[in-house]
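Student: Could you pick one part of this model for a close look, and then walk me outward from there in one connected account? I would like to see how the neighbouring pieces tie together.

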Amino acid sequence: MAKPILVANWKNHPSSLKEAKTLLAKISKSSRLYKKLHFFVAPPTTYFETVSSRPKSLLNLASQNVFVDLKGSHTGEIGLDILKSFGVRAVIVGHSERRALGETSKDVSLKVKTVLKSGITPIVCIGELTKDLDGGHFEFLRDEIRESLDGIKRSDVSKLVLAYEPVWAIGKSATDSISQDDLVQTVIFIKKVLTDLFGRILAEKVPILYGGSTEPANAETLFSNTGIRGFLVGHASLDAEDLKKIASAML
Ligand code: PGA
């Protein structure tokens with residue numbers, strides 16, 4: 001059985017390098033636990049050096065975004081060569097908070113292809129905007145997956161990670177998150193879409209993560225028998241104790 005995957009998406013937090021160092025020091029105290037996982041921390045880029053100085057056996061550095069072009073001059077952007085030089089091993093692509101700023105699924109597919117060329121793992125985010133108990137979100141998800149993975153070579157499919165993050169569940173609390181039953185159904189649906197695109201054998205190789213108010217209170221329920229391989233955790237990853245409890249729930 002492959003190790004579960006845990007991605008701590010710090011977004012634009014903590015608000016100082018000092019606090020980031022304190023958080024890392026607390027996380028490092030549970031290194032025996034995190035070694036049992038594929039554990040990634042995606043900090044603001046200004047904290048890359050600090051996070052990457054931690055042993056690879058504890059954590060791997062991830063980026064929250066990448067610029068789409070490999071060459072040229074692009075003020076304010078960060079390209080793959082810089083990410084690589086810090087030892088970045090995975091890049092979150094198409095997070096809903098970036099899509100809300102105008103990133104389209106077409107942009108996402110271009111970024112995914114760029115990332116794949118470099119040997120870094122793209123963690124491709126998808127998720128419907130509003131809760132739909134009648135299943136209307138399935139069509140939305142199908143289109144978003146197809147467009148976000150458009151043009152990916154079959155030989156690259158096994159290098160992808162997909163993160164299902166229903167936007168309505170992000171940044172809330174465990175009680176507002178998705179139910180276990182709904183997650184099971186949606187994961188089955190995502191697997192079906194991947195199978196239609198790439199065939200069953202390749203589709204099975206794509207780990208599916210869940211993100212959206214994962215907290216200690218719901219981590220075990222959402223991880224057990226739902227078909228996911230791990231979590232992309234936002235706010236709870238800024239609390240070392242909560243993150244530790246989520247990590248433990250996956251083992
Ligand atoms: P959340 O964020 O855990 O705070 O809901 C998840 C995410 O946006 O990746």
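**From a buried serine to the ligand**

Tutor: Let's start with S109, which touches E147, S148, L149 and D150 once residues up to four places away in sequence are set aside. Please keep in mind that this is a predicted model. S109 has its place in helix 6, which covers residues 105–117. Is this serine buried or exposed? Its relative accessibility is 2%, so S109 counts as buried, the cut-off being under 20%. Along the chain, S109 and I152 are 43 residues apart, yet their C-alpha atoms are separated by 7.8 Å.

A second pair can be followed from helix 7, residues 137–148, where D143 is found. The C-alpha atoms of D143 and S105 are separated by 9.2 Å, with their positions 38 residues apart along the chain. D143 has 31% relative accessibility and therefore counts as partly exposed, whereas S109 is buried.

Now let's turn to another serine, S63, in strand 3 (residues 60–63). Here too the relative accessibility is 2%, so S63 counts as buried. What does S63 contact beyond its neighbours within four places in sequence? The answer is A42, F48, L83, V88, A90, V91 and I92. The side chain of S63 also has a polar partner: one of its polar atoms lies 2.5 Å from the backbone oxygen of N65.

Strand 3 leads us to the neighbouring strands. Strand 2 pairs with strand 3 in the parallel sense, over two bridges, and V41 stands opposite L61 of strand 3. Strand 1 and strand 2 also run parallel, joined by five bridges. In that pairing I5 has H38 of strand 2 as its bridge partner. Why can strand 2 be called largely enclosed by the rest of the structure? Four of its five residues are buried, and that is the reason.

Helix 11 brings strands 1 and 2 back into view from another side of the story. Its residues run from 240 to 249, and the buried ones are A240, L243, I246, A247 and A249. As background for reading that list, an α-helix has 3.6 residues a turn, so residues three or four places apart point the same way. What do the buried residues of helix 11 pack against? They meet strand 1 (5–9), helix 1 (17–28), helix 2 (31–34), strand 2 (38–42), helix 10 (216–223) and strand 8 (230–233). At the N-terminal end of helix 11, D239 acts as a cap, with a side-chain oxygen 2.9 Å from the backbone nitrogen of E241.

Two of the elements in that list, helix 10 and strand 8, have a loop between them, and N225 lies in this loop. N225 has a positive phi of about 55° although it is not a glycine. With 74% relative accessibility, N225 counts as exposed, so here we are a contrast away from S63, which is buried.

The loop between strand 1 and helix 1 also deserves a look. It holds P14, and the peptide bond from H13 to P14 is cis, with omega near -15°. K11 is found in this loop as well, and its phi is near 50°, a positive value in a residue other than glycine.

K11 brings us to the ligand. Which residues surround it? They are N9, K11, H95, E165, I170, G171, G212, S213, L232, V233, G234 and H235. Sorted by class, this shell has three nonpolar, seven polar and two charged residues. The polar contacts come from side chain and backbone alike. In K11, an N or O atom of the side chain is 2.7 Å from an oxygen atom of the ligand. In G171, a polar backbone atom is 2.7 Å from a ligand oxygen, and in S213 a backbone N or O atom lies 2.7 Å from an oxygen atom of the ligand. Taken alone, the ligand exposes 280 Å², and the protein buries 99% of that.

Notes
Residues are numbered from 1 along each chain as its sequence is written. This is a predicted model: local features need pLDDT of at least 70, side-chain atom pairs count only at pLDDT 80 or more; totals for chains, interfaces and linings use all residues. Side-chain values use heavy atoms; hydrogens and water are left out. Buried means under 20% relative accessible area, exposed over 50%, partly exposed in between (1.4 Å probe, protein chains only). Contact means heavy atoms within 4.5 Å. A polar contact is a pair of N or O atoms within 3.5 Å; within protein, one must be able to donate a hydrogen and the other to accept it, and residues adjacent in sequence count only if both atoms are side-chain atoms. Two strands pair if DSSP finds at least two bridges between them. A residue is near a molecule or strand if one of its heavy atoms lies within 4 Å of it. Accessible areas come from the Shrake-Rupley method with a 1.4 Å probe; for residues, only the protein chains shown count as cover. Ala, Val, Leu, Ile, Met, Phe, Trp, Tyr, Cys and Pro count as nonpolar, Asp, Glu, Lys and Arg as charged, and the others, Gly among them, as polar.
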